[in-house]
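User: I am new to this structure and should like a close look at a single part of it. Please take one buried position in a loop, describe its surroundings, and then relate that part to the rest of the protein.

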Amino acid sequence: MSIEKMRRTYTLSGLDEKDVDPNPLVQFDLWFKQASESPLPEWFEVNAMTLSTADPHGAVTSRVVLLKQVKEGEFYFFTNYDSIKGKQLAANPQAAICFFWPHLERQIRIEGSVRKASREDAVAYFHSRPRESQLGALVSRQSSEVSSREVLETRMQELSTEHEGAEVPCPENWGGYALKPTTIEFWQGRPSRLHDRIAYKQCDDASWRVVRLSP
């Protein structure tokens, strides 16, 4: 089938202003639980989200990362601070994240400011990861050029031997980011492309205004 003929009709549900919680974080938690508890292929990661960042000149970069925490109104992800996204966030601490759950015909877009998570949060999460992932963080100089995969595999083996029987240290250039939202939009697919879009926009007094957006 040609690309231009690829399309689906969305019929699972609808979304109305009167049905959403006044607090977008409560609404997010509800949708996230529904997405997690629905029947899913084993490979599907509900916490996968597209993260978009921009450099000071406005050039945008996007990639898929994993949401790892939501606490005190902020969304957390972890990465190498020397990566492309880390360098862009250092220069322009604004970002957007997007979740897409095709099994529910839903997506959530979130925009806001980003800060580094505390070192304590970074170390705690780092040591909760599988040991191989901890070693991988030491191996990788994320986003830098590497001559071959063999270089990475050799370094992985060296570090595995070096830290055998000991705790893997959390690199100083590795940690978390917390995105504090100013806009959160909930999208529910509907027939005829007349999708439901309910957005929360933060007011000056930190309250939220709920509006419907045209599809």
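Analyst: His195 is buried, because its relative accessibility is 11% and the limit for a buried residue is under 20%. The model in which this is seen is a predicted one. His195 belongs to the loop between E7 and E8. Leaving out residues up to four places away in sequence, His195 touches Tyr10, Trp187, Gln188, Gly189, Arg190 and Pro215. With Arg190 there is also a polar contact: a polar atom of the His195 side chain lies 3.1 Å from the backbone nitrogen of Arg190. Separation in sequence and in space may be set side by side for His195 and Gly165, which are 30 residues apart along the chain and 54 Å apart in space, C-alpha to C-alpha.

The loop between E7 and E8 also holds Ser192. Ser192 counts as exposed, because its relative accessibility is 66%, whereas His195 counts as buried at 11%. The backbone of Ser192 has a positive phi of about 60°, although Ser192 is not a glycine. Most residues other than glycine have a negative phi. Glu72 offers another case, with a positive phi near 50°. Glu72 is placed in the loop between strand E3 (69-71) and E4, and its relative accessible area of 75% makes it exposed.

From the loop one may turn to strand E7, in which Glu185 is found. Glu185 is buried, with a relative accessibility of 3%. Its side chain makes a polar contact of 2.7 Å with the side chain of Arg109 and another, of 2.8 Å, with the side chain of Arg197. Apart from neighbours within four places in sequence, the residues in contact with Glu185 are Gln107, Ile108, Arg109, Arg197, Ile198, Ala199 and Leu213.

Ile108, one of these contacts of Glu185, leads to the nonpolar interior. Its own contacts, again without neighbours within four places in sequence, are Phe28, Trp31, Ile97, Cys98, Phe99, Trp101, Ile184, Glu185 and Phe186. Ile108 is among the residues with the most contacts inside the largest nonpolar core, together with Phe28, Ile97, Phe99, Trp101, Ile110 and Phe186. That core has 29 residues. At least two of its residues come from each of helix H1 (24-37) and strands E1 (48-54), E4 (74-80), E5 (94-101), E6 (106-116), E7 (174-188) and E8 (196-202). E7 and E8, the strands on either side of the loop that holds His195, are thus both contributors to this core. Another core lies apart from it and has 13 residues, including Phe78, Tyr125, Leu159 and Ala178.

The helix that contributes to the largest core, H1, has 14 residues and reaches 20 Å from its first C-alpha to its last, close to the 20 Å expected at 1.5 Å a residue. Its buried residues are Pro24, Gln27, Phe28, Trp31 and Ala35. Viewed down the axis of H1, these residues fall within an arc of 100°, so they line one face of the helix. An α-helix has 3.6 residues a turn, so residues three or four places apart point the same way. At the start of H1, a side-chain oxygen of Asn23 comes to within 2.8 Å of the backbone nitrogen of Leu25.

Strand E1 holds another buried polar residue, Thr53, with a relative accessible area of 2%. The side chain of Thr53 makes a polar contact of 2.4 Å with the side chain of Gln88. Not counting residues up to four places away in sequence, Thr53 touches Ala59, Val60, Thr61, Arg63, Lys85, Gln88, Leu89, Gln94 and Ala95.

These parts belong to a protein with 5 helices and 9 strands, whose elements run α-β-β-β-β-α-β-β-α-α-α-β-β-β from the N terminus on. Of its 215 residues, 37% count as buried. Among contacts with a separation of 6 or more, 63% are between residues 24 or more positions apart. The C-alpha trace spans about 60 × 50 × 40 Å along its principal axes. The structure holds 0 disulfides; Cys170 is buried, with a relative accessible area of 12%, and Cys203 is partly exposed, at 29%.

Definitions and conventions: Residues are numbered from 1 along each chain as its sequence is written. This is a predicted model: local features need pLDDT of at least 70, side-chain atom pairs count only at pLDDT 80 or more; totals for chains, interfaces and linings use all residues. Side-chain values use heavy atoms; hydrogens and water are left out. A nonpolar core is a set of buried Ala, Val, Leu, Ile, Met, Phe, Trp, Tyr and Cys residues joined through side-chain atoms within 4.5 Å. Buried means under 20% relative accessible area, exposed over 50%, partly exposed in between (1.4 Å probe, protein chains only). Helices (H or I, at least four residues) and strands (E, at least two) are DSSP runs, numbered from the N terminus. Contact means heavy atoms within 4.5 Å. A disulfide is a pair of cysteine sulfur atoms within 2.5 Å. The expected span of a helix is 1.5 Å times one less than its number of residues. The arc is that of the directions from the helix axis to the C-beta atoms. A polar contact is a pair of N or O atoms within 3.5 Å; within protein, one must be able to donate a hydrogen and the other to accept it, and residues adjacent in sequence count only if both atoms are side-chain atoms.
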